[in-house]
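Visitor: Could you walk me through this model?
Guide: Gladly; let us put it on the screen and start there.

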Protein chains: 2
Amino acid sequence: MTTQSLIKPEPEAGSSTADAILNYIRGAIADGSLNDGEPIRQDEVARRFNVSKIPVREALKRLEAEGFVAFIPNRGVVVRAVSDPEIAQIFETRAILESNAIGFSVPMMTAESLARASACCAAFDEAGDVAQWSALNWQFHSSLYLDAQRPYLVELIRTINVRLERYLRIQLTLSVGKGIANEEHHAILDACRAGDAGLASRLTYDHIMGANKSLHRFLPGARF
Amino acid sequence: MTTQSLIKPEPEAGSSTADAILNYIRGAIADGSLNDGEPIRQDEVARRFNVSKIPVREALKRLEAEGFVAFIPNRGVVVRAVSDPEIAQIFETRAILESNAIGFSVPMMTAESLARASACCAAFDEAGDVAQWSALNWQFHSSLYLDAQRPYLVELIRTINVRLERYLRIQLTLSVGKGIANEEHHAILDACRAGDAGLASRLTYDHIMGANKSLHRFLPGARF
DNA sequence: ATGTCAGGACTCGTATACGATTCCTATAAT
DNA sequence: ATTATAGGAATCGTATACGAGTCCTGACAT
């Protein structure tokens, strides 16, 4: 864990101590402060937060279940490397799930839903830094799935997106990344307005798989 | 936690203490020993396994991430109730993911793959108790997805199936449950043999959604 | 008799402590 | 000079201990 990544060990929003640490480490992995394979020293994190190791370990156990880290017996915890093929599969899974979700959603959409989604889309367009893009990108996508009235499905999609956040940020940072994303968002929104569930579904699938392709054209070169 | 459910607190397969407890509690929830909403007393579990609370809490933290239990602040851990609509959504998500997985898989299947799947299918047909049915049912399904060469997707499907295991067991216990499942398994297998990915995909979707429907015709009456 | 409040028992959440295992380093032998 | 080995430092995994908060019970007032 680099020093840079832990400038601000404030309690944040989490209610319990373990929750705060959980969010913090997850954030550090998402924004690239913690690199793949890097060990996470329990005592070090504990000292930084002025707590014992116990809440740290509990946070790490949750992160293990979420796939972000791995406990190596008697060796400690490391950030779990996500291989390029695995990233591709996760994007593909997103495409499958999100295209279905929007397909369910479109027939149920109301004027308010469309207005909310449109607002998210506009905010995404004007956002400044990559952290905002990432957050607003999710807000836009998820707002399109809400009318499907399938909270379990949306929550699963959210979990998968969290796991990908780090790579989404890289993709959005690419020169063409954000511009294309925004165009495609508008196209999806138009399909929703037109009530064309099949088209919205297909555009969503292609939108996600397109991000996947553009990321992989870049990845072999450099990792952040 | 009932006494019945904890007859055999052996270390099982898990390497670390926490892993053993994790598998044990997860199993107790899967087989219905632990009912929805039932509190899990940390000290009680710790005493039963002759360990302290710490590994128990770590196991529970993983189960929390997997959705099996919820930590209520200063109140303890309870088995998380899965509502009927949520069960329906989980089945639907399975149908989406597994129909896609088999669609990817069929074009890549070899004679050996088909033989393995066929063997699972036969074993399922002849299995005796519900725990075996459940295990062999998963072996059959997963064997059909392996050739898709998408380990992430298969692992996600497995996770979702584990979450549903308890309700799958109920469904298979229903008078018609196992027989219909077996017929449908054979039909899916035939489609794979014929190399008809679209048909296999559709049959898989219907197979899972059919189990969903038959379970829900039953559920409002009695929970195990 | 019923509602309210105080006191105790219980459970949780976390700090501290300690043995076990692993990793690093310095020394010695070939 | 290079390799093997022994000893120490560091880290992990878990037991024990304790304060904080919650729930239950029983006495008291109305």
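What follows is a short conversation about a predicted model.

Visitor: How many helices and strands does chain A have?
Guide: Remember as we go that the model is predicted. Along the sequence, the elements of chain A follow the pattern α-β-α-α-β-β-α-α-α-α-α-α. Counting them by type gives nine helices and three strands.

Visitor: What share of the residues of chain A is buried?
Guide: A residue counts as buried when its relative accessible area is under 20%. Chain A has 224 residues, and the share of them that passes this test is 51%.

Visitor: Among contacts in chain A between residues at least 6 apart in sequence, what percentage joins residues at least 24 apart?
Guide: Here a contact means heavy atoms within 4.5 Å. Taking the contacts between residues at least 6 apart in sequence, the part that joins residues at least 24 apart is 73%.

Visitor: How much area is buried between chain B and chain A?
Guide: The contact draws 24 residues from chain B and 24 residues from chain A. The size of an interface is often given as the accessible area lost when the parts come together. Carbon and sulfur atoms give 61% of the area buried here, and the whole is about 2,400 Å².

Visitor: Which residues of chain B lose the most area to chain A?
Guide: Three residues together make up 27% of what the chain B side buries. They are Glu58(B), Gln89(B) and Tyr152(B).

Visitor: Let us turn to the DNA. Which residues come nearest to DNA strand C?
Guide: There are 19 residues around this strand, and both protein chains appear among the nearest. Sugar and phosphate make up 68% of the strand's atoms that come within 4 Å of the protein. The nearest residues are Thr17(A), Ser52(A), Arg75(A), Lys53(B) and Arg57(B).

Visitor: Which polar side chain lies 2.8 Å from a base oxygen of DNA strand C?
Guide: Two side chains to set aside approach phosphate oxygens: Gln42(B) has a polar atom at 3.3 Å, and Arg57(B) has an N or O atom at 2.6 Å. The side chain that lies 2.8 Å from a base oxygen belongs to Lys53(B).

Visitor: Which element gives the largest share of the surface near DNA strand C?
Guide: Elements that each supply at least two residues are α3 (53-66) of chain A, and α2 (42-49) and α3 (53-66) of chain B. By class, this surface has six nonpolar, eight polar and five charged residues. The largest share, three residues, comes from α3(B).

Visitor: And at DNA strand D, which element gives the largest share of the surface?
Guide: Chain A supplies at least two residues from each of α2 (42-49), α3 and β2 (69-72), and α3 of chain B does so too. In chain A, polar side-chain atoms of Lys53(A) lie 2.8 Å from a base oxygen, and of Arg57(A) 2.6 Å from a phosphate oxygen. The largest share, three residues, comes from α3(A).

Visitor: One last point: is Gln149(A) buried or exposed?
Guide: Gln149(A) sits in the loop between α6 (130-145) and α7 (151-173) of chain A. Its phi is near 55 degrees, a positive value in a residue other than glycine. The cut-off for exposed is over 50% relative accessible area. Gln149(A) has 59%, so the residue is exposed.

Definitions and conventions
Residues numbered from 1 in each chain as written. Chains lettered and ligands numbered in written order. Predicted model: local features only at pLDDT ≥ 70, side-chain atom pairs only at ≥ 80, totals over all residues. Heavy atoms only, no water. Helix = DSSP H or I, 4+ residues; strand = E, 2+ residues; numbered from the N terminus. Buried < 20%, exposed > 50% of the residue type's maximum accessible area, 1.4 Å probe, protein only. Near = heavy atom within 4 Å. Polar contact = N/O pair within 3.5 Å; in protein donor to acceptor, adjacent residues only side chain to side chain. Nonpolar A, V, L, I, M, F, W, Y, C, P; charged D, E, K, R; others polar. Buried area = accessible area lost by both parts, 1.4 Å probe.
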